[in-house]
Amino acid sequence: MDPSWLQYTDPTKARDLTVEAAQSISKALKGGSAAARNNIPAAKLKALLDSRSDRDILDGLRRVVANKPAITYFSSVVKNVANPNLEVKKLVYVYLLHYAESDPDLALLSVNAIQKSLTDQNPQVRALALRTMSGMRVPVISQIVSLAIKRGAGDMSPVVRKAAALAIPKCYNLDPNSLPQLLDYISILLGDKQYYVVGPAVQAFLEICPDRTDLIHPHYRSIVKKLVDMDEWSQLGTLKLLLFYSRRCFPRRTQRVTKVNRKGFYDDEADKTVETEETIQVLDPDLELFLKACRPLLQSRSSAVIIAVTGCFLYLGTPEYLQEAVGPLTGLMRGPPEVQEVALCNIVLVALAAPELFVPHASHFLLRANDSPQIWRLKIELLTLIFPHAALHLKSIILSELEHFSHSSDIELIRESVRAIGRCAQSDPKNAHRCFKVLLNQISSFDNVLVSEVLTVMRHLIQQDPASHRKTVVRLARNLDRTTSPEARATIIWLVGEFASLDADNNIAPDVLRILVKGFADENETAKQQIVLLAAKVYLLYLQQKKDGIPPSRPGTTSPDSNPKDDMGDETRDARSTPVADVDRHPIPKLWNYIQVLSRYDTSYDLRDRARLFKALLANPSSVQLATLLLLAPKPVPHSPSPSESRKGLTLGSTTLVLGKDVAGLLGLPGYEELPAWVAEGLEPDPKLRDAGDGADKDEYVPVSARSTGSVAASRRLEEAVKEQGLEKVVAAGTAKANTKPRTLDDWLAESEEEGESDEEEEEEEEEEEEETETESEATEDEEEDDDDDDDDGESEEESEGDDDKGVRRGLIS
């Protein structure tokens, strides 16, 4: 062949053709892409399922399981249920779990083969068969499933017993009438010696019969001991079960703390004790066993387990137990944001009950720049709960933190920070002046949102103790000229009018009204309403003073301590220098009439109606009782509770707690259960019921963490058993016989000949004795009776000695 033709070929095209050929060959060998391999013709797929080769059947089953609408192959798949190949069985069982409910008649054909698998030698096959039979959701086979669960509950393999425990709720959903048999199976599985069987049994108990505490009594202590070895899901179910069980079976007992009043001088002299007012909780021994078993779970890697243990300590234990859980619970703050939010919701609920426990961990609750709104709201709430119990240095840090975030660009963060400062002042009255100082420094801010929120918080605080905040009201009045926010101005005007009657000698309300009247037309509607209300209060106080014969105060005649003349301009000085001689021409009625005229021609309907109402109330100066009840009645003191106060009664660790009743509803989410109340003392079950399980278990369960690595020799255990039974002498005698020289065959034969001769001699002696007894006279019958009695006594002694020897042998064997 002439190779010269290669010069006319393109090597790039040749390489591309080679790559395409290789790809097509590989696809042909593998069966094409994944979609192409699964989307083969139905006839070919059925041929694979009907093949005699396990390899083809496996290939067909994989394709069927991968295809979503695979109900058309039901009959072909069910035929392979009796295949001995384990991989084929698994795929057939997976198919039946998905499609048995769609065609129950054909599914019944596979029940017989699945029942045969329940007796297979492989425990995995037995467990898989039980799982498949219980998950087929065919109500006709409910009794067969119940019998299969009964067989599985007594199986030697713990894997099968675990599958039986998981199948109990499924069987109950198929046929609720099978509950009595299922309760027996649950009782058997709760007493199992394997912890990974008890966990699913507890889950089945909670799903079927959570109120049947009588089933838990004999197995309570064994469940508590197995708690530390269970997996996380089983631990959550078991903690919930034991929490509810403890509240229903252990009464809450308390006792007074005693202290030594006078110590005895001599050692044998008793100390004199006196009871104090303090009471402590006394724990039941079984309850304390449960709480101690929960301590190792605080090191769990699951945040849900840590929260569940904290709930057990909160609702069952003493403050000492709860203090141990605070550290691990706070450590959940190092997790991802979604875990932080759930952990903070639970931390806030614990802090509402015991805030002093979180003071050492306050640094974990400081705000970060990347915190989401849900997280920083909870952190701010925690800081306010910790504030009353913190030291002075920590209080300064908390106030500085809140003051810093009150200048944020986020409006919601500003409001929450200012409200938090108000709650700090409310919860700690001794340090309220520090909170007031922080708030007063922010009044002159140009941020209207900040100023409005600050004044609202200060109004609430002033209402709680108005007598000690007179100077604060005067200082707020001085800031009216620099305050531009309508809500802030309305709040200050309301404060001036509300506390005008506290100190008649230092009343600044008329002066404030005189200044506000000048700019009434330029005010916002909210501020106008408060100005009209202030004018009505000032005029009412004027009428009361005039009726009582007290000379009413004129605008501009307040004392120097409370005079806001430095910030109110030259108008105040002019008003003070103007003498008024006639009482009938007092400035307050003129101000009132002027306000009425301005309100009458205002554009706001609401303002005109308010002015008309106040005018009607004060129309008769001699009768102002009704106006006094409406305008000067004492207002209820506002209280700003913690935002999570509404979640206080919810169960720790529940989803309803995280969402709140506003989202979850008053009854909580479906499945939410309220914590049961403590059982009354005297109505609790008999503690001896929990002792029944201890007598049945011969081998006490020892947790994996408590098991020692070293093994005890069998000889040592035998020696301890001999000492307990008091059989040292018998063992020593047996040892002495064992140390003698071993006998030969001649010795055994000689011993047997001697025994034969001795037996013949004994028979001859017995015959002679019988002849003698026949020849004896009747007179000697009494003596024979006495001899017989002696012989009977001897025989009874020999029998008792024989019984003792048998008892000794039994003790050695045990």
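Here is a walk through this predicted model, from its main pocket to its salt bridges, its cysteines and one loop threonine.

Let's begin with the pocket. The largest one has a volume of about 890 Å³. It is lined by 33 residues, and the ones closest to its centre are Lys240, Leu652, Gly653, Ser654 and Thr655. Which helix gives the largest share of that lining? That would be α15, with seven residues. Helix α15 spans 232-249, and α13, α17, α19 (337-353) and α33 (655-659) join α15 in each supplying at least two lining residues. As for chemistry, the lining divides into 19 nonpolar, eleven polar and three charged residues.

Now for the charged pairs. Side chains of opposite charge can pair when their charged atoms come close. The structure holds 28 salt bridges, and a few of them are worth clicking through.

Take Arg253 and Glu681, whose closest N and O atoms are 3.2 Å apart in a salt bridge. Arg253 sits in strand β1 (residues 253-262), while Glu681 is in the loop between α34 (661-664) and α35 (692-696), so this pair links parts of the chain that are 428 residues apart. Is each partner buried or exposed? Arg253 is partly exposed, at 26% relative accessible area, whereas Glu681 is exposed, at 56%.

Next come Arg295 and Glu324, which meet in a salt bridge at 3.1 Å, N to O. Here the sequence separation is 29 residues: Arg295 belongs to the loop between α16 (285-294) and α17 (303-316), and Glu324 to helix α18 (residues 319-331). Both ends have some access to the outside, since Arg295 is partly exposed with a relative accessible area of 34% and Glu324 is partly exposed with 33%.

A third pair runs from helix to helix. Arg419 forms a salt bridge with Glu453, with the closest N and O atoms 2.8 Å apart. Because Arg419 lies in helix α22 (residues 411-427) and Glu453 in helix α24 (residues 448-464), the pair ties together parts that are 34 residues apart in sequence. The two partners fall into separate accessibility classes: Arg419 counts as partly exposed at 36%, but Glu453 counts as buried at 10%.

Salt bridges can also be chained up. Arg221, Asp286, Arg690 and Asp691 are linked in a network of them.

On to the cysteines. A disulfide is a covalent bond between the sulfur atoms of two cysteines. How many disulfides does the structure hold? The count is zero. Cys294 is a good place to check: its nearest cysteine sulfur is that of Cys312, and the gap is 4.9 Å. With the cut-off for a disulfide set at 2.5 Å between sulfurs, Cys294 is in no disulfide. The view from Cys312 matches, with the sulfur of Cys294 as its nearest at 4.9 Å and again no disulfide. Cys294 is buried, with a relative accessible area of 0%, and Cys312 also counts as buried, at 1%.

Last stop: Thr213. You'll find Thr213 in the loop between α13 (195-208) and α14 (220-226). Is this loop residue buried or exposed? Thr213 counts as buried, because its relative accessibility is 18% and the class takes in anything under 20%. Leaving out residues up to four places away in sequence, Thr213 touches Tyr245 and Arg248.

Definitions and conventions: Residues are numbered from 1 along each chain as its sequence is written. This is a predicted model: local features need pLDDT of at least 70, side-chain atom pairs count only at pLDDT 80 or more; totals for chains, interfaces and linings use all residues. Side-chain values use heavy atoms; hydrogens and water are left out. Helices (H or I, at least four residues) and strands (E, at least two) are DSSP runs, numbered from the N terminus. Buried means under 20% relative accessible area, exposed over 50%, partly exposed in between (1.4 Å probe, protein chains only). Contact means heavy atoms within 4.5 Å. A salt bridge is a side-chain nitrogen of Lys or Arg within 4 Å of a carboxyl oxygen of Asp or Glu. On a 1 Å grid over the protein atoms alone, a cavity is a set of points where a 1.4 Å probe fits but cannot get out, and a pocket is an open set with protein on both sides within 12 Å along at least five of seven lines; lining residues have an atom within 4 Å of a point. Grid points are joined across faces, edges and corners, and a volume is the space filled by probe spheres set on the points. Ala, Val, Leu, Ile, Met, Phe, Trp, Tyr, Cys and Pro count as nonpolar, Asp, Glu, Lys and Arg as charged, and the others, Gly among them, as polar.
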